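Student: Please give a close account of the largest pocket in this model. How much space lies in it, which residues line it, and what takes up that space?

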Amino acid sequence: MNFEEKKKRLVESLKNRDILSKPKVIQAMLTVPRHKFVPKDAESSAYMDTPLLIGAGQTISAPHMNAMMCEYLELKEGDKVLEIGTGSGYHAALCAELVAPKDSKNPGHVYTIERHLKLVKNAKKSLKESDYENIVTVIHGDGTLGYPEQAPFDKILVTAASPKKIPPPLQEQLKDGGILCIPAGSHSFGQNLYIIKKHGKDFDRTRITGVRFVPLIGKYGFET
Ligand code: SAH
């Protein structure tokens with residue numbers, strides 16, 4: 001089976017499991033070539049619903065987690081998005097498809113921050129090869145500080161597990177009416193995925209499900 005067929009099968013199974021339902025998210029999952037974002041020796045597993053090692057002890061999340069986060073973020077054309085934890089760059093590419101679809105008259109932008117330089121370099125390469133380099137800006141640094149240079153953001157997603165106290169800069173850098181999607185809890189076990197909506201000075205927090213992510217490491221994250 002070729003990559004296209006495997007990708008279609010993966011998307012069908014996510015739809016059957018009621019993880020994917022929004023047509024635009026489905027289209028984005030069918031478009032972004034996940035096999036171009038994983039190491040060569042993992043290419044044949046790229047369309048299995050499982051996390052994969054990407055170097056520096058880090059992982060690309062399982063596709064159902066990417067899909068779920070994209071659905072809950074309600075990403076739309078024109079959104080300015082901040083992602084903390086670029087990893088492979090795959091999730092940033094999915095966001096790019098949703099905020100700046102082909103021939104968009106009102107293209108949005110994705111800013112994504114990664115603390116491992118090796119992953120920054122690999123992600124930039126994969127994003128360039130898949131034609132997302134103009135929509136996604138990859139930054140090397142500590143994402144718990146957010147990205148004040150481009151704040152405020154319509155949507156913020158964090159793809160590493162934060163301590164229970166959500167990094168204050170991320171809450172501050174979210175637009176009024178904006179949505180933050182973040183796993184939080186303990187360093188390795190006992191984490192939950194939350195959707196946080198900002199209304200003026202108030203934050204509405206909804207727990208989605210239990211999850212397991214690599215830790216968010218930085219000034220407002222875990223120490224190591
Ligand atoms: N979204 C990624 C998943 C990456 S896993 C993908 O699609 O592949 C989480 C990533 O968060 C790891 O690469 C890890 O190095 C990074 N990370 C952890 N703490 C960070 C921080 N404070 N700032 C930026 N990146 C961080």
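Tutor: The largest pocket holds about 700 Å³ of space. A pocket here is an open set of points on a 1 Å grid over the protein atoms alone, with protein on both sides within 12 Å along at least five of seven lines, where a 1.4 Å probe fits; lining residues have an atom within 4 Å of a point. Grid points are joined across faces, edges and corners, and the volume is the space filled by probe spheres set on the points. The model is predicted: local features need pLDDT of at least 70 and side-chain atom pairs count only at pLDDT 80 or more, while totals for chains, interfaces and linings use all residues. Residues are numbered from 1 along each chain as its sequence is written, and side-chain values use heavy atoms, with hydrogens and water left out.

The lining of the largest pocket comprises 40 residues, and Thr59, Thr159, Ala160, Phe213 and Val214 lie nearest the centre. By class, 17 of the lining residues are nonpolar, 18 polar and five charged. In this scheme Ala, Val, Leu, Ile, Met, Phe, Trp, Tyr, Cys and Pro are nonpolar, Asp, Glu, Lys and Arg are charged, and the others, Gly among them, are polar. At least two lining residues come from each of strand E1 (52-55), E2, helix H3 (63-73), E3, H4 and E4. These elements are DSSP runs numbered from the N terminus, with helices (H or I) of at least four residues and strands (E) of at least two.

The ligand takes the space of the largest pocket; a molecule is assigned to a pocket if more than half of its atoms lie within 2 Å of the pocket's grid points. Around the ligand there are 26 residues, of which Ser88, Glu114, Asp142, Gly143 and Ile217 come nearest; to be near, a residue must have a heavy atom within 4 Å of the molecule. This shell divides into ten nonpolar, twelve polar and four charged residues. Strand E2 (58-60), strand E3 (80-84), helix H4 (90-99) and strand E4 (109-114) each supply at least two residues of the shell, and E2 gives the largest share, three residues.

Nitrogen atoms of the ligand make polar contacts with the backbone (pairs of N or O atoms within 3.5 Å). A polar backbone atom of Ile217 is 2.6 Å from a ligand nitrogen. For Gly85, a backbone N or O atom lies 3.0 Å from a nitrogen atom of the ligand, and for Arg115 the corresponding distance is 3.3 Å. Taken alone, the ligand exposes 580 Å², of which the protein buries 99%; the areas come from the Shrake-Rupley method with a 1.4 Å probe.

Note on methods
A polar contact is a pair of N or O atoms within 3.5 Å; within protein, one must be able to donate a hydrogen and the other to accept it, and residues adjacent in sequence count only if both atoms are side-chain atoms.
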